[in-house]
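Student: Could you walk me through a close look at a single part of this model? I would like to see one aromatic side chain in its setting, and then how that setting fits into the whole chain.

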Amino acid sequence: MIILGIILLLVGFIFGIPILWTIGIVVLVIGLVFLLLGSMGRAVGGRRHYY
């Protein structure tokens, strides 16, 4: 999700599409939260580690 968020941010910035920019920020933040929860040892979505 982190990589997808970064890709959406870049595409939204390059082509000037603000909705992609917004979706990219949201996906990136969700991916970082999942990464943080997974690194703390808390199961996210049934997985012990979320990559």
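Tutor: Happy to! Helices here are DSSP runs of H or I with at least four residues, and they are numbered from the N terminus. With that in hand, the residue to look at is Trp21, which sits in helix α2. Please keep in mind that this is a predicted model.

Let us begin with the frame around Trp21. The chain has two helices and zero strands. Of its 51 residues, 22% are buried. Among contacts with a separation of 6 or more, 24% join residues 24 or more positions apart.

Now to Trp21 itself: is this side chain buried or exposed? Neither label fits, because its relative accessibility is 38% and that value counts as partly exposed. If we set aside the neighbours within four places in sequence, the contacts of Trp21 are Leu8, Leu9, Gly12 and Phe13. Trp21 can also be placed relative to Ile6, which is 15 residues away along the chain: their C-alpha atoms are 9.4 Å apart.

Phe13 deserves a second mention, as it is also the ring partner of Trp21. Searching the whole structure turns up one aromatic pair. That pair is Phe13 with Trp21, with 6.0 Å from centre to centre and 45° between the planes, and it is classed as tilted. Why tilted? Planes under 30 degrees apart would count as stacked and those over 60 as edge-to-face, so the rest are tilted. The two partners differ in how they meet the surface: Phe13 is exposed, at 62% relative accessible area, whereas Trp21 is partly exposed, at 38%.

Both rings also belong to a wider surface feature. Phe13 and Trp21 are among the residues of a nonpolar patch of about 1200 Å², which also includes Ile6, Leu10, Ile14 and Ile25. Helices α1 (2-15) and α2 (18-39) each give two or more residues to this patch, and α2 gives the most, with six. One patch member in α2 is Ile25, which is partly exposed, at 37% relative accessibility. For scale, the accessible surface of the chain is about 3900 Å², and 78% of that belongs to carbon and sulfur atoms.

Finally, two other positions let us follow α2 beyond Trp21. Val26 lies in this helix and is partly exposed, with a relative accessible area of 44%. Its C-alpha is 9.9 Å from that of Leu9, at a sequence separation of 17 residues. Leu9 is a familiar name, being one of the contacts of Trp21. Phe34 is in α2 as well, and at 25% relative accessibility it counts as partly exposed. Between Phe34 and Ile2, 32 residues apart along the chain, the C-alpha separation is 9.5 Å.

So, to put the close-up together: Trp21 is in α2, its ring forms a tilted pair with Phe13, and both residues help make the nonpolar patch.

Conventions:
Residues are numbered from 1 along each chain as its sequence is written. This is a predicted model: local features need pLDDT of at least 70, side-chain atom pairs count only at pLDDT 80 or more; totals for chains, interfaces and linings use all residues. Side-chain values use heavy atoms; hydrogens and water are left out. Buried means under 20% relative accessible area, exposed over 50%, partly exposed in between (1.4 Å probe, protein chains only). Contact means heavy atoms within 4.5 Å. Accessible areas come from the Shrake-Rupley method with a 1.4 Å probe; for residues, only the protein chains shown count as cover. Patches are made of residues with over 30% relative accessible area and no salt bridge: like charges are joined within 9 Å, nonpolar side chains (Val, Leu, Ile, Met, Phe, Trp, Tyr) within 5 Å. A salt bridge is a side-chain nitrogen of Lys or Arg within 4 Å of a carboxyl oxygen of Asp or Glu. Rings of Phe, Tyr and Trp (its six-membered ring) pair if their centres lie within 6.5 Å; planes under 30 degrees apart count as stacked, over 60 as edge-to-face and the rest as tilted.
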